[in-house]
Protein chains: 2
Amino acid sequence: MKIKVIVTLKNGVLDPQGKAIQQTLNSMGFPNVNGVRQGKYFDIEIDEKDEIKAKSKVDEMCKKLLANLVIEDFKII
Amino acid sequence: MKIKVIVTLKNGVLDPQGKAIQQTLNSMGFPNVNGVRQGKYFDIEIDEKDEIKAKSKVDEMCKKLLANLVIEDFKII
């Protein structure tokens with residue numbers, strides 16, 4: 001089954017890339033964009049039929065590899 | 001209001017970064033991961049109270065800047 005994960009910077013962590021995107025959007029005719037935060041997205045195909053077990057494996061993967069928990073949060077969707 | 005966007009590579013487009021993550025996961029004790037595709041995620045804070053209008057603006061932003069429609073798809077969530 002396929003599990004989706006979103007990894008985002010924690011609130012308070014500076015996101016210069018998001019800021020650059022925001023400024024570019026502002027200058028491209030979208031003046032009412034007040035903030036952009038960029039994150040990562042993963043589609044994980046895992047050979048496991050039980051959704052609960054698959055999600056728990058993916059949770060482990062996020063903690064070990066996919067997210068840096070010092071500065072990032074992750075959400076399994 | 002805050003609008004969320006996911007940008008993913010189209011099916012068929014090679015994703016060497018996803019492949020590298022998959023191989024790393026396999027070697028870290030997750031042998032049943034059969035595929036990983038990486039994408040981008042954006043949190044866009046837009047000064048617009050009407051959700052339909054906000055989403056239509058974000059759709060325009062994706063087409064103009066956030067996604068490369070030749071190789072990527074986007075989804076507003």
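Here is a short conversation about how two chains sit together in a predicted model.

Reader: How do you know that chain A and chain B are related by a two-fold rotation axis?

Author: Start with the general idea: two copies of a chain are related by a rotation about an axis and a shift along it. Here a rotation of 180 degrees with 0.0 Å of shift along its axis superposes chain A on chain B, with an RMSD of 0.0 Å. The two copies are thus related as by a two-fold rotation axis.

Reader: Which residue of chain A comes closest to the rotation axis?

Author: That is A:Lys40, whose C-alpha is at 2.4 Å.

Reader: What makes you say the copies meet through the same surface?

Author: Interface residues of chain A are also interface residues in chain B in 100% of cases, so the surface is the same.

Reader: Why are S1 and S2 of chain A called paired strands?

Author: Two strands pair if there are at least two bridges between them. Strand S1 (residues 2–9) and strand S2 (residues 33–46) of chain A are joined by six bridges and run antiparallel, so they qualify as a pair. Across from A:Ile6 you will find A:Tyr41 in S2(A).

Reader: What is the order of the six strands in the open sheet?

Author: Follow S3(A)-S1(A)-S2(A)-S2(B)-S1(B)-S3(B), with antiparallel pairing.

Reader: Why are the S3 strands said to stand at the edges?

Author: Strand S3 (72–76) of chain A and strand S3 (72–76) of chain B each have a single partner strand, so one side of each is left without a neighbour in the sheet. On average, neighbouring strands of this sheet are turned by 25 degrees against each other, direction ignored.

Methods:
Residues numbered from 1 in each chain as written. Chains lettered and ligands numbered in written order. Predicted model: local features only at pLDDT ≥ 70, side-chain atom pairs only at ≥ 80, totals over all residues. Heavy atoms only, no water. Least-squares fit on C-alpha atoms with pLDDT ≥ 70 in both. Contact = heavy atoms within 4.5 Å. Helix = DSSP H or I, 4+ residues; strand = E, 2+ residues; numbered from the N terminus. Axes fitted to C-alpha atoms, helices over the stretch in contact; angles between N-to-C directions.
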